[in-house]
Each structure stands twice: as structure tokens, then as C-alpha cells.
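Got the sequence and the 3D view open? Let's walk through this one together, from the outside inwards.

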Amino acid sequence: MANPVVVIPGIGQSKVKSSDGKTVWPFSVDKNALLSEVKSEAAKMMLFRKDKGFSDKIAKIAEGYLDPVSVKDDGSSKYDLKAVSYESYDKLSDDEKRFINKMVPAEKIAKVVGENNFYYFAYNPFGEVNSVADLLDKFISKVKSETGSEKVDLFSVSLGGCVLRAYMMKYAEKKEIGKVIAVESALDGTVTAADALERKLKIDDPVSLLNGIGGKAAQLASLVKMVPKDAYDNTVNKVYKTAMEKLGRNSTMIWACVPSERLDSALSYVKLNYGNIGVEDKVRALGDYTSVFSDKAKESGFDFYVIAGYNRQIVPVVESQYTSSDTIIDVKSASLGATAARPDEKLESGSRLSPDGNVDASTCAFPDKTWFFYDMRHDDAAKNENLLSLTEKILSGEVKDVNSSADYPQFIK
């Protein structure tokens, strides 16, 4: 019988509610109400070609969204928040199943391991990461009790990689995990988070930035173009400061997203510019563990499988944009150590190079159990049929490594 599977989802894949039942995450933005709220200050700004209170209004609106999920100096939530929890898949309502299937390939996984063997671990993505790891440990105990299994398999996605690390730091010695499948997971954070915390951002030319991002962002370029320079600069500075005060400075979950090699510089920058970091000891403890996570993962005895996207630029808002990635998480982090050139460039050498020469798989922690998907966007993983099929085969035991099947070579286009 297959082990039950526990999914640890990404940042936008859990519903979080306040004590009065209001959903505080993911954010729900009423565009019409938002435009109505800023129209007076916006009109003055456009008329006088000066800020005229526009930046203060935007910062206040940002604070309104961020405060409900903000954290205290010790990293705990400012308010009493709870993630909406779920039972095994066979006990979920149709609405609950629809929600989970939007987030991860739940239906496909449930077919492989059985609906009564599939569980979704929802959590507050801005909660204290060690406390979330404690909740995951309790959740695993519950799953074991309900299923009668000695072990569970973990399926981490994106931010779920940070929770996975914190869990393993505290509970790996319990040996309750059979296998781990890490899909586009922040196994060593992401340069995106490090650049954001150190304010290494490319936002001086907002019109070019929005056009570069494309899609709905590009549609805003014509509006932003009309904003006076001082109003734009003031707005960016005030919103960034609000975000740092409410979350960035003391959110252990956000700090868990910083690559271990960037942690010292990020901590120094934030302390210098935004004051004391109350959670620094917790941050450094997880950072120290993350720096040796590859070795710890090898020692754990778990079967560790990894799937990463590569050859995409990081979102152009950060200075590290020319890093091989899936647009959000750099391939070095998602693969636990693979060496990579800049997107569309080649490495000079390597013992296990991708066909395009961009990635060397030999340097990652599990070179025989890591797959690389060429040009895959972070948000497209849940729709990638090859990836979904591969995860099914890994869960069922049909695929044990990159040599198991010609249908799933190490580098997949």
C-alpha cells in the first residue's frame, strides 16, 4: 500500500481567516472601490503635477491590506489567524476539491494513492515558520493515525520548500517520511526574495518595467506614465517602508526565502535601514541549517525527488533577473545546487550538461533524482502534463530515478 501523501502548498495556495471569519489571504482587491478611494488625490496630482497626498493615500491602502497578515517582533501573527484546514480528499466537499485542484494536481495524485490517502496541509504563508513546522508535524501525526501508516510522503510546492526545511530541521530524526517530491520548491530560498529585502530593485523606469513584465502589468504602463516622478518615487518609498514594517523585517517565513549565501548581507541591510530584527536568532538558526540542507537531506534516509524549471529570467523587477530560473525560483535553489549559466547562455563545461548547455545536473544534491524542465514558468507547473505524469509515476514507484524511463529524461522540453 502506498504511503499517504501530504501536500505542502505555495504562498497563495491557502485561505487564511481572521477570528471574525474574514478572509485576509489571499488578498481580494475591489478595483472599482480602489479607484474610487484614490480619485480625489489622483485628480489633484494630475492637475498640479505634484504628489499632493497621492503617495500617502496609496501607502495607507497598502497598510490596510498588509496589517491583517502582519507580524509582531517575535515573528508571530499580530492577529489571531487560522488557515482553512482540510480532511482527506475523500471527505472534502465539491467546493473544497475545486479549490485544491486549482492549487495543485490533487485529483491526479489522489487517483494514484487513493482519495483517503491524500491530504492538503494549509497554513498561514506569513506565519512563524517554525510554528508552521510544528503544525505540519501534528498534521502528519493525524494522517498517520487516520490511515494506520508508519510514514507519509511529502509533496512540497514553491514556498512549501521553506516549510519543508523548517520541518526537517526540527523533526527529520523522527523518520516519519518515506519520500519527498519537491516541485519548483524554494529549497534554498530564491534570489528574488534576497533582492527584495536588500532593495536591489529595477523600478526607476516603471513604464519599461511593466512592459517588460507583460500581460496585465503592461496594461498599466499607460496609466503609470502619467504619474509625476516625485509622486511615483514617494509612493514606492512609502509602500516599501510599510511592507518592511508590517512583514519584511520580522517575518521568519519571508526570511526563510532568502538563500543561505545571501542571508548575512540581507540581514545587515535591513538592520541598517529599518532597525532591529527581533527574529534574527530564529532566522540565523534556519539559515545555518539551510546552508547544509543538501547534506542533511542526503543523511535523512528519505527518497528525495526534485523537479525544477530553468532557462527563464527572473521577473525583471529585481537585479538578479538574468538568473536561470522558472521566473520566480532560481534553478540552483530549486534543484539543490545545480550550476547554471544565464538564460539562453551555455556553461563552459560540466559533466552532466543539459542539451542546451545551460545547466549542469552533476552539481545538485540528487543528480539521479532531479529533473529539469526547459523554459517552464513557475505558474505553469500545475498545467504541465509531462510534469504531472512524472510526479504520478514517482508516487506510484514506477519511476525511481532519471534512468527509469525514456519517457522522462533528466532534461525535458
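The accessible surface of the chain adds up to about 18,800 Å², and carbon and sulfur atoms account for 49% of that. Keep in mind that you're looking at a predicted model, not an experimental one. From that surface, turn to what is hidden: 51% of the 413 residues count as buried.

What about charge? The chain carries 56 positive and 60 negative side chains. If you mark the centre of each set, those two centres end up 4 Å apart.

Now for the overall build. Along its principal axes, the C-alpha trace spans about 70 × 55 × 40 Å. How does the radius of gyration fit with a compact globule? For 413 residues, such a globule would have a value near 22 Å, and the chain has 22 Å, so the two agree. The secondary structure consists of 17 helices and twelve strands. Look at who touches whom, too: of the contacts between residues at least 6 apart in sequence, 71% join residues at least 24 apart.

Let's zoom in on a helix. H6 runs over residues 160–171, and at 1.5 Å a residue its twelve residues should span 16 Å. Its end C-alpha atoms are 16 Å apart, so that checks out. Is H6 mostly covered or mostly open? It's mostly covered, with ten of its twelve residues buried. Among them are Gly160 and Gly161, along with Cys162, Arg165 and Tyr171.

Next, find helix H14, at residues 280–291. This one also has twelve residues, and it reaches 16 Å from its first C-alpha to its last, close to the 16 Å expected. Its buried residues are Glu280, Val283, Leu286, Gly287, Tyr289 and Thr290. Here's a handy rule for reading a list like that: an α-helix has 3.6 residues a turn, so residues three or four places apart point the same way. And what covers the buried residues of H14? The cover includes H6, which you've just met, as well as helix H5 (129–147), helix H12 (252–255), helix H13 (263–274) and helix H15 (293–299).

Time for some backbone details. Start at Trp25, which sits in strand S3. With a relative accessible area of 11%, Trp25 falls under the 20% cut-off, so it counts as buried. Leaving out residues up to four places away in sequence, Trp25 touches Ile11, Gly12, Ser14, Lys15, Val16, Val69, Pro125 and Phe126. For a sense of distance, Trp25 and Ser396 are 371 residues apart in sequence and 34 Å apart in space, C-alpha to C-alpha. The peptide bond from Trp25 to Pro26 is worth a look as well: it's cis, with omega near -5°. Pro26 itself is in the loop between strand S3 (23–25) and helix H1 (31–48).

Two other loops hold residues with a positive phi. Glu184 isn't a glycine, yet its phi is about 45°. You'll find Glu184 in the loop between strand S7 (177–183) and helix H7 (191–197). Is Glu184 buried or exposed? Glu184 is buried, with a relative accessible area of 2%. Thr327, also a residue other than glycine, has a phi near 90°. Thr327 lies in the loop between strand S8 (303–310) and helix H16 (331–334), and with a relative accessible area of 10% Thr327 is buried.

Technical notes
Residues numbered from 1 in each chain as written. Predicted model: local features only at pLDDT ≥ 70, side-chain atom pairs only at ≥ 80, totals over all residues. Heavy atoms only, no water. Helix = DSSP H or I, 4+ residues; strand = E, 2+ residues; numbered from the N terminus. Rg over C-alpha atoms; globule rule 2.2 N^0.38 Å. Buried < 20%, exposed > 50% of the residue type's maximum accessible area, 1.4 Å probe, protein only. Contact = heavy atoms within 4.5 Å. Areas by Shrake-Rupley, 256 points an atom, 1.4 Å probe, with all protein chains shown as cover. Lys, Arg positive; Asp, Glu negative; His and termini not counted. Charge placed at Lys NZ, Arg CZ, Asp CG, Glu CD. Expected span 1.5 Å × (residues − 1).
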